[in-house]
Amino acid sequence: MRRLPSHLPPSAAELVRWAEASGVPQLAPDMVPGAQAEELQKLAALGALARALAPNAVETWPESVASWARDSPAEVPLPLLGRLVEALRHENKDILAAVYEHLVSGVNRRRLGTFFTPPAIVKHMMEICQKLTPKPDHVVDPGAGVGAFTLEALRIWTSASVAAVDLNVVTLGLLAARVNCDTVQSDKSNLNLSAENYLTWIRESWPSLDGVRLVVGNPPYTRNQHMTRKEKQEAQQAAGDLITSGLAGLSAYFMAATIRALRPEDAMCLLLPGSWCETRYGRELREWLWGARNRRIVAYFSQ
């Protein structure tokens, strides 16, 4: 049996071992681009976990997510499920993110730029957002992952609609299951799951949202080298004249597309790699931020 890192929470380690031993058929590669066959098999098993955590909610999820949960032939042992639910409700650790990180290698997560945000950073960013006025009517989590920002948004802005947008069927399903286990008072009906590219979503769904809108989260850190020609073309179209170089990573495109979509009353708070601050592809973004006169702009840097 593979030895797991000592810092992995016991409930997460137990879940990793269960997924590794499940032996179920693998997911189709396009459901989680970048993951290898062995990893896709383990991710298929996690569909049973999502189904077990949220049995009455599965059919309300986007079809690609619902089918992943509904069709998984695995079964989660009840004792394991009970321990996991208890841990999700009471441990101050991002258990499902830890599980995903140990089932899919860092190298293979790069295709979708899937890297999870430490709780302390999520807390800091949400504190910043709470100082923004007025309160948002809609909160959008781009590249939502397993829902660190989504869950906090539901807790903080109880009357706002919260959109979790992510291409990764597995992480979006884990997010939905995780919200179902949350004991903090929040209206779960306010959550909207979108299994699609955020750059498509912000073009097609964002304009219909009335009121004050907030985009907060950790965009995918997909590098330029891992994007297809078609993906680059669509991203450059979404970014417009804020990115003219073909060397930008996906997070920079998310930032540019969001800036272009903001109305005066809207706000944005994103966690970004620092490369756009000094590279050629970030020049237009830097110029826009430097020249903005009608918005409050704050940048925090960390190593």
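Contact here means heavy atoms within 4.5 Å, and angles run from 0 to 180 degrees between N-to-C directions. The structure shown in these views is a predicted model.

**Figure 1. Helix 7 lies across strand 4 and strand 5.** Helix 7 comprises residues 119-130. The helix runs at about 165° to strand 4.

**Figure 2. Five strands form an open sheet with parallel pairing.** The order of the strands is 3-2-1-4-5. Strand 3 (191-194) and strand 5 (267-270) occupy the edges, and each has a single partner strand, so one side of each is left without a neighbour in the sheet. Direction ignored, neighbouring strands of the sheet are turned by 15° against each other on average.

**Figure 3. Strand 1 pairs with strand 4 in the parallel sense.** Strand 1 spans residues 138-142, and strand 4 spans residues 213-217. The pairing of these two strands extends over 3 bridges. Within this view, Val139 stands opposite Leu214 in strand 4. In general, strands of a sheet pair through backbone hydrogen bonds, either parallel or antiparallel.

**Figure 4. Helix 9 lies across strand 2 and strand 3.** The helix is formed by residues 169-181, and strand 2 by residues 161-165. Relative to strand 3, helix 9 runs at about 165°.

**Figure 5. Helix 11 has buried residues and, on the other side, exposed ones.** In this helix, residues 229-239, the buried residues are Ala235, Ala238 and Ala239. Viewed down the axis of helix 11, these buried residues fall within an arc of 95°, so they line one face of the helix. Arg229, Lys230 and Gln237 are exposed on the other side of helix 11. Helix 10 (198-204) and helix 12 (250-261) are included in what covers the buried residues of helix 11. After helix 11 comes Gly240, which has a positive phi, near 60°.

**Figure 6. Leu242 is located in the loop between helix 11 and helix 12.** The relative accessible area of Leu242 is 6%; because buried means under 20% relative accessible area, Leu242 is buried. Apart from neighbours within four places in sequence, Leu242 is in contact with Ala256, Ile259, Arg260, Glu284, Leu285 and Trp288. Gly47 is 195 residues apart from Leu242 along the chain, and the C-alpha atoms of these two residues are separated by 39 Å.

Terms used
Residues numbered from 1 in each chain as written. Predicted model: local features only at pLDDT ≥ 70, side-chain atom pairs only at ≥ 80, totals over all residues. Heavy atoms only, no water. Pairing = 2+ DSSP bridges. Helix = DSSP H or I, 4+ residues; strand = E, 2+ residues; numbered from the N terminus. Buried < 20%, exposed > 50% of the residue type's maximum accessible area, 1.4 Å probe, protein only. Arc of directions from axis to C-beta.
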